[in-house]
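Me: I would like to learn how to read a protein structure feature by feature, with the general idea given before the particular case. Could we go through one together?

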Amino acid sequence: MLADNLFLKIIDKTIPAKIAYEDDQCLAFHDIRPQAPVHVLIIPKKVIRTHDDATAEDQMLLGHLHLVAIKLARQLGLVEGYRLVVNCNEHGGQTVPHLHMHLLGGRDMTWPPG
């Protein structure tokens, strides 16, 4: 995984991003290499390296990320459906060492995803 945490730089606003949502717990922004017509990354402001590193202390935050995904899906018009993806570690496809959700939609999502 990348040694530098790009997402912290986006949270700190030292790297620009097209922000879709922000509150005191998380930030959501449009992916610069979208894999669907709508592709938004939802990240906690708290640093949690991978999904495996989440603890019971993070339960409310993880639930909040899901509720933000629902809110964004509605705002972005994903009425036909959407997919949420959390990649974990390098073999799981995670490239930035910061827990994040991919909100994907705007087209039919095939299975298996790849």
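**Reading a sheet, a helix and a pocket**

Reply: Let us begin with a single residue and work outwards: Leu-103 lies in strand 5. Please keep in mind throughout that this is a predicted model.

Me: Is Leu-103 buried or exposed, and how is that judged?

Reply: The general idea is a cut-off, in which a residue counts as buried when its relative accessible area is under 20%. The relative accessible area of Leu-103 is 0%, so Leu-103 is buried.

Me: Which residues does Leu-103 touch, leaving aside those up to four places away in sequence?

Reply: A list of contacts tells you what surrounds a residue in space. Leu-103 touches Val-38, His-39, Val-40 and Ile-42, and also Ala-69, Leu-72, Ala-73, Leu-76, Leu-78, Tyr-82, Arg-83 and Leu-84. One of these contacts, Ala-69, is 34 residues away from Leu-103 along the chain, and yet the C-alpha atoms of the two are separated by 6.7 Å.

Me: How should I read the two faces of a strand?

Reply: In a regular strand, the side chains alternate between the two faces of the sheet. In strand 5, Met-101, Leu-103 and Gly-105 are on one side, while His-102 and Leu-104 are on the other, and all of them are buried, which leaves both faces covered. Counted along the strand, five of the five residues of strand 5 are buried.

Me: In what order do the strands form the sheet, and in which sense do they pair?

Reply: For the order of a sheet, one follows neighbours in space, and then asks about the sense of each pairing. Here five strands form an open sheet in the order 1-2-3-5-4, with antiparallel pairing. Strand 1, residues 19-22, and strand 4 stand at the edges and have a single partner strand each, so one side of each has no neighbour in the sheet. From one strand to the next, the twist averages 20°.

Me: How many bridges join the strands that pair with strand 5?

Reply: Bridges let you trace a pairing residue by residue. Strand 3 and strand 5 run antiparallel and are joined by five bridges, and in this pairing Leu-41 stands opposite His-102 in strand 5. Strand 4 pairs with strand 5 over four bridges, also in the antiparallel sense, and there Tyr-82 stands opposite Gly-105.

Me: What joins strand 1 to strand 2?

Reply: A hairpin joins strand 1 to strand 2 through three residues. The two strands pair in the antiparallel sense over three bridges, where Ile-19 has Phe-29 in strand 2 as its bridge partner and Glu-22 stands opposite Leu-27 in strand 2.

Me: Which strands does helix 2 touch, and how is its direction described?

Reply: For a helix packed on a sheet, one looks at the strands in contact and then at an angle between directions. Helix 2, residues 59-75, packs on the sheet and touches strand 1, strand 2, strand 3, strand 4 and strand 5, and its direction makes about 155° with that of strand 3.

Me: How much space lies in the largest pocket, and what are its lining residues by class?

Reply: A pocket can be read by its volume and then by its lining. About 900 Å³ of space lies in the largest pocket. It is lined by 33 residues, and those closest to its centre are Asp-31, Gln-35, His-39, Leu-41 and His-102. By class, the lining of the largest pocket has 17 nonpolar, eleven polar and five charged residues. Helix 1 gives the most to this lining, with three residues.

Me: Which residues other than glycine have a positive phi?

Reply: Backbone angles are read one residue at a time, together with the place of the residue in the chain. Lys-13, in the loop between helix 1 and strand 1, has a positive phi near 65°, and at a relative accessible area of 46% Lys-13 is partly exposed. Asn-89, in the loop between strand 4 and strand 5, has a positive phi of about 70°, and with 28% relative accessibility Asn-89 also counts as partly exposed.

Me: Where is the cis peptide bond?

Reply: For a peptide bond, the angle to read is omega. The bond that joins Trp-111 and Pro-112 is cis, with omega about 0°, and Pro-112 is found in the segment after strand 5.

How values were computed:
Residues numbered from 1 in each chain as written. Predicted model: local features only at pLDDT ≥ 70, side-chain atom pairs only at ≥ 80, totals over all residues. Heavy atoms only, no water. 1 Å grid on protein atoms, 1.4 Å probe; cavity = no way out; pocket = protein on both sides within 12 Å on 5 of 7 lines; lining within 4 Å. Points joined across faces, edges and corners; volume = space filled by probe spheres on them. Nonpolar A, V, L, I, M, F, W, Y, C, P; charged D, E, K, R; others polar. Pairing = 2+ DSSP bridges. Axes fitted to C-alpha atoms, helices over the stretch in contact; angles between N-to-C directions. Contact = heavy atoms within 4.5 Å. Buried < 20%, exposed > 50% of the residue type's maximum accessible area, 1.4 Å probe, protein only.
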